[in-house]
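Got your viewer open? Load the model shown here, and let's take a short walk through one corner of it.

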Amino acid sequence: MGLIESGKMPKPLTKLLNISRRYSLWVYQWGLACCAIEMGATFGSARYDVMRLGVIPFPASPRQADLVVISGTVTDKMAPSIVRLYEQMPDPKYVISMGSCANCGGPYWDSYSVTKGVDQLIPVDVYVPGCPPRPEALLEGIVLLQERIQNEDISARWRGEPIVVN
Amino acid sequence: MNTTTREQMAYIAGQAADARLNVELETEGMTLNIGPQHPATHGTLRIVARLDGEQVIEAEPIMGYMHRGYEKLTEVRTYPQVTTLINRIDWLGSFANEVPFILAAEQLMEIEAPPRAQWIRTILFELSRIANISLFLGDMGVQLGALTPVFYAFRDREFVLNQIEAVTGGRFHPNFDRIGGLKDDLPAGWIEETREVLGKMRTFCDELEDLLMGNEIFEVRTRGIGIIPADVGLSYGLSGANIRASGVDWDIRRDNPCGLVYDELDWQVWTHPDGDSFARYWVRLQEVREATKMIEQLFDGLPSGPIMAKVPRIIKVPAGEAYVETENPLGAMGYYIVSQGELVPFRVKIRSASFNNLSIAPWLLKGVYVPDIITILASLYFILGDIDR
């Protein structure tokens with residue numbers, strides 16, 4: 001992997017690498033509130049069948065995961081655990097924020113105990129709106145994230161440059 | 001195992017662990033931290049268990065990871081806005097959360113919903129019970145290592161959610177109940193579709209009975225595990241299927257059907273004398289079956305007429321206090337509203353079932369083995385939003 005570290009990745013190799021990464025996303029399910037049930041319906045039910053998109057929803061721990069779906073209300077008491085588990089995930093890692101609560105606080109925008117947006121704690125790649133979002137919406141979010149991964153230059157990511165999606 | 005021997009066992013195990021701490025080169029008591037994010041805890045519950053080998057000496061649930069401040073938020077929301085919020089307390093049976101609040105507000109305003117609205121309310125109430133408990137029926141299997149039931153549960157639950165969505169427009173959070181009636185009438189052809197779905201749910205119950213109840217592993221892991229004697233359960237304030245599984249014949253639907261039409265139906269309250277995890281599962285399975293029968297009876301007797309009473313455009317609830325309790329899927333749920341005649345409630349106290357159902361956990365987990373923690377917590381069936389609010 002000397003090529004990546006030196007910052008020179010041939011284009012075809014990047015493309016090949018990205019196709020592989022795109023269709024083998026191991027997703028860690030972070031179920032917090034109502035959205036957890038819709039996430040369970042997306043990942044666990046035969047009707048929506050998320051595995052046809054190359055998403056595998058059964059990692060045993062965050063250390064094996066590429067993607068985490070933060071679904072539900074993030075409270076101030078929960079916040080340190082979220083940061084800690086995010087830090088346990090190996091790079092490159094992606095975050096989908098599912099539902100209004102995780103996006104911005106949602107119906108609890110004036111609550112004293114709710115963190116208004118998980119993006120205050122960890123960087124978020126895709127926001128899925130809705131209260132709760134339908135399973136189809138979460139699938140759309142996953143497809144968007146896959147497009148983003150496809151257009152990503154892994155060596156640029158290692159250098160810390162922002163991702164530009166065409 | 002009765003109460004005395006259980007307490008004696010826990011005492012002996014505790015003494016043994018404490019004594020061992022003083023002896024060199026011996027194993028110490030271990031502290032096991034379950035959660036706050038663990039699939040077996042239905043959300044973000046954390047349990048700190050002190051172990052002696054495989055045995056639990058004491059277990060303490062730590063709550064508040066899902067505390068959203070409902071009771072404070074209701075003080076700055078108008079009455080119609082509150083229903084939007086309280087949908088999300090018990091997110092699996094959302095419609096059932098609205099009903100007691102609306103009934104309490106109606107009691108203060110001294111208005112009554114028209115008969116048709118009351119019947120449709122009862123139909124949706126029971127549908128949300130099916131949607132809620134059917135997930136439990138699959139989830140209990142998953143926690144004991146049987147993966148198939150949860151896939152069946154998610155498959156068949158979709159049908160019920162579709163029917164709820166067809167009426168209310170929301171899969172999860174209908175926000176359909178209004179003070180004085182309902183937002184809308186049933187759509188055309190809905191009743192026939194729902195009858196088909198009810199048939200599917202009965203098949204689902206039969207399937208689970210075949211899959212799980214006849215399963216030897218399931219029986220071994222649930223029978224005699226987590227026994228709640230009736231008097232202990234009552235003293236901890238247990239309600240719903242948890243207390244009915246201990247042989248207490250108490251159901252608010254039958255005993256005090258305030259505002260809902262349960263007294264016009266022919267149905268039965270299911271109880272089980274054992275009080276163990278298996279009994280709790282069995283009672284809930286029968287309740288789903290009973291709910292499908294109740295909904296069919298409700299369809300047969302559905303009266304015609306308006307669905308909304310005469311209600312002022314701007315709702316101001318007169319000063320006073322009211323408490324209404326209903327039998328929600330998880331147990332007794334009630335709202336105590338204090339009004340001072342303004343647009344917003346002065347104070348709302350929410351009595352949710354799961355908080356009391358979980359409060360027995362430290363007593364129940366004393367002296368059990370580690371795998372049984374999962375069985376007991378799964379069979380108590382709580383939802384974290386309902387505990388922390």
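A handy term before we start: a polar contact is a pair of N or O atoms within 3.5 Å, where, within protein, one must be able to donate a hydrogen and the other to accept it, and residues adjacent in sequence count only if both atoms are side-chain atoms. This is a predicted model, so local features need pLDDT of at least 70 and side-chain atom pairs count only at pLDDT 80 or more, while totals for chains, interfaces and linings use all residues. Residues are numbered from 1 along each chain as its sequence is written, chains are lettered from A and ligands numbered from 1 in the order in which they are written, and side-chain values use heavy atoms, leaving out hydrogens and water.

**Stop one: Ser339(B).** Select Ser339(B), which sits in strand 7 of chain B; strands are DSSP runs of E, at least two residues, and helices are runs of H or I, at least four, numbered from the N terminus. Is Ser339(B) buried or exposed? It's buried, at 4% relative accessibility (buried is under 20% relative accessible area, exposed over 50%, partly exposed in between, with a 1.4 Å probe and protein chains only).

Now show Val317(B): its backbone oxygen lies 2.9 Å from a polar atom of the Ser339(B) side chain. Add Tyr79(B), whose side chain makes a polar contact with that of Ser339(B) at 3.5 Å.

**Stop two: the sheet.** Colour strands 6, 7 and 8 of chain B: they form an open, antiparallel sheet in the order 6-7-8 (strands pair if DSSP finds at least two bridges between them). Strand 6 (320–328) and strand 8 (347–351) of chain B stand at the edges with a single partner strand each, so one side of each has no neighbour in the sheet.

Finish on Tyr336(B): its bridge partner in strand 8 of chain B is Lys349(B).
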